[in-house]
Amino acid sequence: MTRRAVITGLGLLAPSGSTPDEHWATVQEGRSRLAPISAFDATRYPTRLAGEVRVPDLASLIEGRLAVQTDRWTWLALLGTEYALADAGLDLAELDPYDLSVVLASSSGGNAFGQRELQRLWSGPTRTVGAYQSIAWFYAASVGQVSIRYQAKGPSNVLLSESAGGLDSLAHAARLIRRGVPVVLAGGMEAPLSPYALACQLRSGRLNPATAPERAYQPFDTAAAGYVPGEGGVIFVVEELEAARRRGARQLYGEILGAAATHDAAHTGWAPAANHGYYAAALRLALERAGRSPDDVDLVIPDAVGLAAPDRDEAAALGEVFGGRPVPVSTHKPLVGRMYQGGSALDVATALLAIRRRTMPASVVPADPAPGCALNFVAGGSAARLDTALIGARGFDGYNSALLLGSVRPARPESEAA
Amino acid sequence: MTGPAASRRVVVTGIGVVAPGGVDRKAFWSCLTEGRTATRRISLFDPAGFRSQVAAECDFDPLRAGLSHQQVNRSDRYSQLALVAAQEAVLDSGFEPDEQAALRTGVVMGSAVGATTRLENEYVVVSESGRDWLVDAGYGSNFLYQALVPSSLAADLAVEFGAHGPVQVVSTGCTSGIDAIGLGYQLVQDGEAEVMLAGASDAPISPVTLASFDAIRATTPDNDDPAHASRPFDRDRTGFVLGEGAAVLVLEELEHARRRGARIYCEVAGYAARSNGYHMTGLRKDGLEMSLAIGQAMAEAQLNPDEISYISAHGSGTVQNDRHETAAFKRALGEQAYRVPISSIKSMIGHSLGAIGALEMAACALAIDADAVPPTANWANRDAECDLDYVPNTARQLPVRSALSVGSGFGGFQSAMIFRELTELAR
């Protein structure tokens, strides 16, 4: 029998909030969390707005020595893990360390830390960097630190598929659970706001120069002109269903029903004009693997990158998968910025909260939908049926991922906290 | 904890390599079996002023290797190495995906540090050699974003070969190569793909990487005799020698390979990973987690310790690693650890971080193919705590039915993978 993967805990750190409730309120109120970058003086950069995690003095929440040895990106991962385990009510003392894995996605590494060390190397009198550069900047740093701090000794992984990996990490978590691992910490976390990392992002030509938050990220709109970056993401506790039930998990947010990934095999910017076929294939494959049909989907959370051609492609892919049916679509990325891997992870959290609350997440609705992009953007509000949500995510240079989430249909009553 | 009953078997049908000492598969194997070392004083930039000034560099010219000017402009050296290795692997496999097969063909590439060299070179420009904290984005390369996000590596390969299936970059430090091939193997096993290009690439020979390893004294300070600087398992070893390179394997579902009459090098028989949860760079002397990974990989392969013909060691040439690893072999294999030939090709081609795991898997496939195992070069003096058979200095002819390779990475990652001769035995 297939072992089923369910999500039992959320550790959310995003511009929209530091708890699931705060995030949900931001989404439902449609309140923009974009603001001038505070991490450094960005006034001379063409893009000055971003979504930042609003936890004051984040470093003080990390044990002193560890805070010095790691980048803000890793602080977010450590704190997110703490929140996720607390939310899941998982007592690690009762878990065999080899039964716990960590699979996180990020699009880049410990950016600010790396830039400081590069500056020391190139402007200082000696050709040296500090002792922690070798463990703080590289892409595996956060997973390594989480595995040490939480004694997660099962098979772990680090996935780097730009913005699609938040979904890929959950797909891999489900793969590990099918293969026998009982508990996986999964998700995506990002800290892309250092001067050099912003410079790199600007060269993609996809960032929006607007200085008014309401104009900075307008997916599916005729005014779409790119996105602004966001930081943060979500760490999830993913468990094998029966084990979660046996320990009386406080909540079962939802089940990973199916997942798929495809690739355009075309570089971003050089893609043919109509290039939605492989993205549509990923969406269909995720449904197929879950044994569901497009008609079963109650909510779609799209990638919503906020650029004319990819937005049009995405709308076309949804049209191809859902035919004429106006499937409800919701995106809150314009409120928080594009958080890369953390953004696709945040979309998963939103879908899980929506399913749990039987309430549609209010979408940011384009004021003037671009041709072909008049999707069924939903207002917040209770839904007659909200069991199944399909999340789509696309990574720079051709990555397409899809994840199908569903409410956990209990074989027997869930042991939920009263 | 056990894996699923695997009905789909996965085989290796193509191998491509760009390595120090040999820029294709045949030259790589010649270098290894002749016991030649490719370590030398760094020529890619002037290493004066660094503690460690030696490395194993690839004699690689991307244009002469067949890449276009556009590819060279777009991609960092690590991606260029990977493209050339992948071309050789695909050619070797004879696999040409049609449109239908393309959706079932994917790419998983490992890399520990991605485009770090280009990120550093570009940083020097936009920051005026570190003068400016608020760097000037306007002076960066048009492909600077591709350098920031290492997802570009697998994307470059997917574009080159028209792979429309699952594509991923795996980055688990110095186990990235094994873990990338491991993920590719699982994707084929689970039926998410029929064919995967799987491997790893790193081109980390740059000032910031040198300085990073200098700072923790992980690399060798033996600058006077570069050819003999990498001495895994030798009593007098002094740290690892940085390297660069790429290897890509074509992994394929067995029946798919048979239907098209492909040449089969070997079968991917087992893969497992554990983390030590101990320290980002430190290793406990007991080798426990590495031994658990080995044990799980052997269980998946249904092999006993006496059925392992050869071990490709992590063998980085740091005191800590060599002792940790030796302890892990003894713990996992018992008395058999003293009988199985073990070698470290890092003695010849250095330690190319994430790439080396894929290079070592390529060496394992070639060892099975050639019934020969490469030596550990530069071995002269026995360390009391490293008392196994490290195949000193000279390659050995022997029947290689199965080969185990292990990796150990910053972050505490411990991975093990087993290749074996394809047999008709039902699993």
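1. Which residue in strand 7 of chain A is the bridge partner of L13(A)? It is G233(A). Before going on, please keep in mind that this is a predicted model. The pair belongs to a longer match: strand 1 and strand 7 (residues 232–240) of chain A run antiparallel and are joined by eight bridges.

2. Stay with strand 1 of chain A for a moment. This strand covers residues 5–13, and nine of its nine residues are buried. Strand 1 also pairs with strand 8 (residues 254–263) of chain A, again antiparallel, through two bridges. On that side, V6(A) has E255(A) as its bridge partner.

3. Now look at how chain A is divided. The domain assignment gives domain 1 (5–246) and domain 2 (257–406). Their C-alpha centres lie 21 Å apart. The contact between them takes 57 residues from domain 1 and 52 residues from domain 2. On the domain 1 side, the elements that give two or more residues include strand 1, strand 7 and helix 7 of chain A. Helix 7 of chain A gives the most, with seven residues. By class, the domain 1 side divides into 27 nonpolar, 22 polar and eight charged residues.

4. Helix 7 of chain A deserves its own point. Where does this helix sit, enclosed or open? Of its 14 residues, 13 are buried, so the helix is largely enclosed by the rest of the structure. You can also check its length yourself: at 1.5 Å a residue, helix 7 (residues 165–178) of chain A should span 20 Å, and its end C-alpha atoms are 19 Å apart, which agrees. After the helix comes G180(A), whose phi is positive, near 115 degrees.

5. Next, the nonpolar core. The largest one has 305 residues, and those that touch the most other members are L170(A), A286(A), L403(A), L249(B) and A365(B). Helix 14 (residues 355–370) of chain B supplies the largest share of this core, twelve residues. Domain 1 and domain 2 of chain A each contribute at least three residues to this core. For a close look at one member, try A286(A): leaving aside neighbours within four places in sequence, A286(A) is in contact with G258(A), A259(A), A260(A), L390(A), A402(A), L403(A) and L404(A).

6. How many residues of chain B are in contact with chain A? The count is 75 residues of chain B, which meet 69 residues of chain A. Several elements of chain B supply at least two residues each to this side, among them helix 5 (116–126), helix 8 (176–189) and strand 9 (266–275). The largest share, seven residues, comes from helix 9 of chain B. The side of chain B that touches chain A has 39 nonpolar, 29 polar and seven charged residues.

7. Strand 14 (residues 402–409) of chain B is a good place to practise reading a strand. Eight of its eight residues are buried, so this strand is largely enclosed by the rest of the structure. In a regular strand the side chains alternate between the two faces of the sheet. Here S402(B), L404(B), V406(B) and S408(B) point one way, A403(B), S405(B), G407(B) and G409(B) point the other way, and all are buried.

8. Strand 14 of chain B also has partners to trace. Strand 10 (residues 310–312) of chain B runs parallel to strand 14 and is joined to it by three bridges, with Y310(B) opposite A403(B). Strand 15 (residues 413–420) of chain B runs antiparallel to strand 14, with eight bridges, and V406(B) has A416(B) as its bridge partner there. The hairpin of strands 14 and 15 has three residues between the strands, and G411(B) takes a positive phi near 110 degrees in it.

9. Chain B also holds an open sheet of three strands, in the order 2-3-7, with mixed pairing. Strand 2 (39–41) and strand 7 (242–243) of chain B stand at the edges, each with a single partner strand, so one side of each is left without a neighbour in the sheet. Strand 3 (residues 54–56) and strand 7 of chain B run parallel and share two bridges; the partner of A56(B) in strand 7 is G243(B).

10. Last, visit R36(B), in the loop between helix 1 (25–34) and strand 2 of chain B. R36(B) has 15 C-beta neighbours inside 10 Å, so it counts as partly exposed. Not counting residues up to four places away in sequence, R36(B) touches G21(B), C31(B) and M348(B). The C-alpha atoms of R36(B) and N393(B) are separated by 9.0 Å, although these residues are 357 residues apart along the chain.

Note on methods: Residues numbered from 1 in each chain as written. Chains lettered and ligands numbered in written order. Predicted model: local features only at pLDDT ≥ 70, side-chain atom pairs only at ≥ 80, totals over all residues. Buried ≥ 20, exposed ≤ 12 C-beta atoms within 10 Å, placed from the backbone. Helix = DSSP H or I, 4+ residues; strand = E, 2+ residues; numbered from the N terminus. Pairing = 2+ DSSP bridges. Contact = placed C-beta atoms within 7 Å. Nonpolar A, V, L, I, M, F, W, Y, C, P; charged D, E, K, R; others polar. Expected span 1.5 Å × (residues − 1). Core = buried A, V, L, I, M, F, W, Y, C linked by C-beta atoms within 7 Å. Domains from an automatic or database assignment.
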